[in-house]
Amino acid sequence: VRTHLELRNMQLNLEEMVAKCTAEFVGSEAKYRGLVENALVGVFSSTLDGRFIFVNEALARMFDFESPEQMTAQRSLEHWSDQKDRERMLAELQQHGRVTNFEAETITHTDRHIYVLFSAKQVGNDIIGMVMDITDRKQAETKLQKAYTAIEQLQMKLQAETAYLQEEIRLEHDFESIIGNSPAIKHVLFKVEQVADTDTTVLVLGETG
């Protein structure tokens, strides 16, 4: 009888512990689900073949869906602008088990093209990950690159024009045949340039040499 009573008490204690752990787990699950659903970045879970299991509100808004349920009804394959990007991502995922800071061009529900940066991890046969919209950053980088290209082209044009003008001066005045680099000879050449284009008589003063 004593043994049965002890077993009964152990069973009740075990049931109480299970109930307590279950309640804590449910509370933790609700807490973390709330964090995920209200996160500012997109959070998703999908199968390897591209079927969404879960998306949060942020990801649904990012891809112009009215609700997460509307987005999960579609396959993720439809949102890749270039399927080769998805193939590269899957290859990296299968090789390392995760991808980090993977950039790709995607298409929203309203056919907008946006650039995203996402990190994902393979868990069993599923993929879980986070997504950030970096369209503004990519557009700024593109504008900056165009500006750099324009500046380089202007620099090349300026260098070419400078070389051309220097050649013009050399051919017109032929100062290269005059030897000297002192301030005095530079001043003489400056004076020569002032009257070189005029058709007039010039009196040159100074000692010979």
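Trp-80 is buried, and so is Phe-118, in this predicted model, and these two residues belong to a cluster in which ring pairs link Trp-80, Phe-102 and Phe-118. Phe-102 is likewise buried, as is its partner Phe-118. The structure holds two aromatic pairs, whose geometry is set out below.

| Aromatic pair | Centre to centre | Angle between planes | Class |
|---|---|---|---|
| Trp-80 and Phe-118 | 5.9 Å | 80 degrees | edge-to-face |
| Phe-102 and Phe-118 | 5.5 Å | 50 degrees | tilted |

The class of the second pair follows from its angle: the planes of Phe-102 and Phe-118 stand at 50 degrees, so the pair is tilted.

As for where the rings lie along the chain, Trp-80 is found in the loop between helix H3 (68-72) and helix H4 (83-96), while Phe-118 is in strand S4 (residues 113-123), so their pair ties together parts that are 38 residues apart in sequence. The pair of Phe-102 and Phe-118 also links distant parts of the chain, with Phe-102 in strand S3 (residues 98-107) and Phe-118 in strand S4, 16 residues apart.

Another ring contact involves a charge: the charged end of Lys-138 sits over the ring of Tyr-115, at 5.4 Å from the ring centre.

Turning to the surface, a nonpolar patch is formed there by Leu-144, Tyr-148 and Ile-151, which together have about 300 Å² of accessible area. Of these residues, Leu-144 has its place in helix H5 (residues 135-173), and with a relative accessible area of 45% Leu-144 is partly exposed, because partly exposed covers values between the 20% limit for buried and the 50% limit for exposed.

Technical notes:
Residues numbered from 1 in each chain as written. Predicted model: local features only at pLDDT ≥ 70, side-chain atom pairs only at ≥ 80, totals over all residues. Heavy atoms only, no water. Phe/Tyr/Trp six-rings, centres within 6.5 Å; stacked < 30°, edge-to-face > 60°. Helix = DSSP H or I, 4+ residues; strand = E, 2+ residues; numbered from the N terminus. Buried < 20%, exposed > 50% of the residue type's maximum accessible area, 1.4 Å probe, protein only. Lys NZ or Arg CZ within 6 Å of the ring centre and 35° of its normal. Patch = residues over 30% accessible without salt bridge, like charges linked within 9 Å, V, L, I, M, F, W, Y side chains within 5 Å. Areas by Shrake-Rupley, 256 points an atom, 1.4 Å probe, with all protein chains shown as cover. Salt bridge = Lys/Arg side-chain N within 4 Å of Asp/Glu carboxyl O.
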